[in-house]
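The exercises below are to be worked through with the sequence and the coordinates at hand. Each task is followed by a solution that proceeds step by step.

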Amino acid sequence: AFSSSVPLTEEEAMRTTTTTTTGEPKARDDVVDVAYELSQVLDTGLDKETLSILMALCENGVNPEALALVVKELKRESEDFRAQEFVS
């Protein structure tokens with residue numbers, strides 16, 4: 001993602017190389033935590049796992065705007081489906 005010619009401090013290097021129990025880098029976990037808190041404030045309805053997957057897709061080249069449209073459409077279809085179940 002972000003590349004810099006400035007060397008990492010020892011603390012930054014530790015933060016990027018420390019892994020969690022799932023093997024994911026700790027810094028990635030921290031980013032997901034902050035993004036999740038923001039998504040909660042914005043009432044997106046996304047859980048942490050889904051948000052992490054969406055972030056990974058964006059990091060791997062998926063267009064974020066197109067991805068947002070897909071998420072919105074899936075949410076709308078899910079709501080329509082639940083409404084139909086309720087009526088039936």
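**Exercise 1. The span of a helix**

How many residues has helix 4, and how far does it reach from its first C-alpha to its last?

Solution. The model is a predicted one. Helix 4 covers residues 64–87 and therefore has 24 residues, with the expected span being 1.5 Å times one less than that number. The first and last C-alpha atoms lie 35 Å apart, close to the expected 34 Å. At the N-terminal end of helix 4, N63 acts as the cap: one of its side-chain oxygens is placed 2.8 Å from the backbone nitrogen of E65.

**Exercise 2. The overall architecture**

Determine how many helices and strands the protein has, and describe its surface and its contacts.

Solution. Step one is the count of elements: the protein contains 4 helices and 0 strands. Read along the sequence, this gives the pattern α-α-α-α. Step two is burial: of the 88 residues, 10% count as buried, the cut-off being under 20% relative accessible area. Step three is the surface, where about 7,400 Å² is exposed and carbon and sulfur atoms supply 59% of that area. Step four concerns contacts between residues at least 6 apart in sequence: 18% of these join residues at least 24 apart.

**Exercise 3. Salt bridges between helix 2 and helix 3**

Identify the salt-bridge partners of R28 and D33, and state how accessible each residue is.

Solution. The total for the protein is 4 salt bridges. In one of them, R28 pairs with E59, and the closest N and O atoms are 3.1 Å apart. This pair links distant parts of the chain, since R28 belongs to helix 2 and E59 to helix 3, 31 residues apart. The accessibilities of the partners are then compared with the cut-offs of under 20% for buried and over 50% for exposed. R28 has a relative accessible area of 16% and is therefore buried, whereas E59, at 54%, is exposed.

For D33, the partner is K48, with an N to O distance of 2.8 Å. Here too distant parts of the chain are linked: D33 is in helix 2 and K48 in helix 3, 15 residues apart. D33 is partly exposed at 28%, and K48 is partly exposed at 37%.

**Exercise 4. A network within helix 4**

Why are E73 and R76 separated by about one helical turn, and which residues are linked with them in a network?

Solution. E73 and R76 are 3 residues apart in helix 4, so about one helical turn separates them. Their salt bridge has its closest N and O atoms 2.6 Å apart. The relative accessible area is 33% for E73 and 40% for R76; E73 is partly exposed, and R76 is partly exposed as well. The network of salt bridges links E73, R76 and D80.

**Exercise 5. Y36 and S39 in helix 2**

Are Y36 and S39 buried, partly exposed or exposed, and what are their contacts outside their neighbours within four places in sequence?

Solution. Y36 lies in helix 2, and S39 is placed in helix 2. With a relative accessibility of 24%, Y36 is partly exposed; S39, at 4%, is buried. A polar atom of the S39 side chain lies 2.8 Å from the backbone oxygen of Y36.

Setting aside neighbours within four places in sequence, Y36 is in contact with L46, D47, K48 and L51. On the same basis, S39 contacts T44, L46 and L51. As a further distance, the C-alpha atoms of Y36 and T50 are separated by 9.8 Å, the two residues being 14 apart along the chain.

**Exercise 6. The loop between helix 2 and helix 3**

Describe L42 and D43, including their accessibility and any notable backbone angle.

Solution. L42 is found in the loop between helix 2 (26–41) and helix 3 (48–59). Its relative accessible area of 59% makes L42 exposed. L42 takes part in a nonpolar surface patch with L38 and V41, and together they have about 340 Å² of accessible area.

D43 is found in the loop between helix 2 and helix 3. D43 is exposed, with a relative accessible area of 64%. Its phi is positive, at about 55°, although D43 is not a glycine.

Note on methods
Residues are numbered from 1 along each chain as its sequence is written. This is a predicted model: local features need pLDDT of at least 70, side-chain atom pairs count only at pLDDT 80 or more; totals for chains, interfaces and linings use all residues. Side-chain values use heavy atoms; hydrogens and water are left out. Helices (H or I, at least four residues) and strands (E, at least two) are DSSP runs, numbered from the N terminus. A polar contact is a pair of N or O atoms within 3.5 Å; within protein, one must be able to donate a hydrogen and the other to accept it, and residues adjacent in sequence count only if both atoms are side-chain atoms. Patches are made of residues with over 30% relative accessible area and no salt bridge: like charges are joined within 9 Å, nonpolar side chains (Val, Leu, Ile, Met, Phe, Trp, Tyr) within 5 Å. Accessible areas come from the Shrake-Rupley method with a 1.4 Å probe; for residues, only the protein chains shown count as cover. A salt bridge is a side-chain nitrogen of Lys or Arg within 4 Å of a carboxyl oxygen of Asp or Glu. Buried means under 20% relative accessible area, exposed over 50%, partly exposed in between (1.4 Å probe, protein chains only). Contact means heavy atoms within 4.5 Å.
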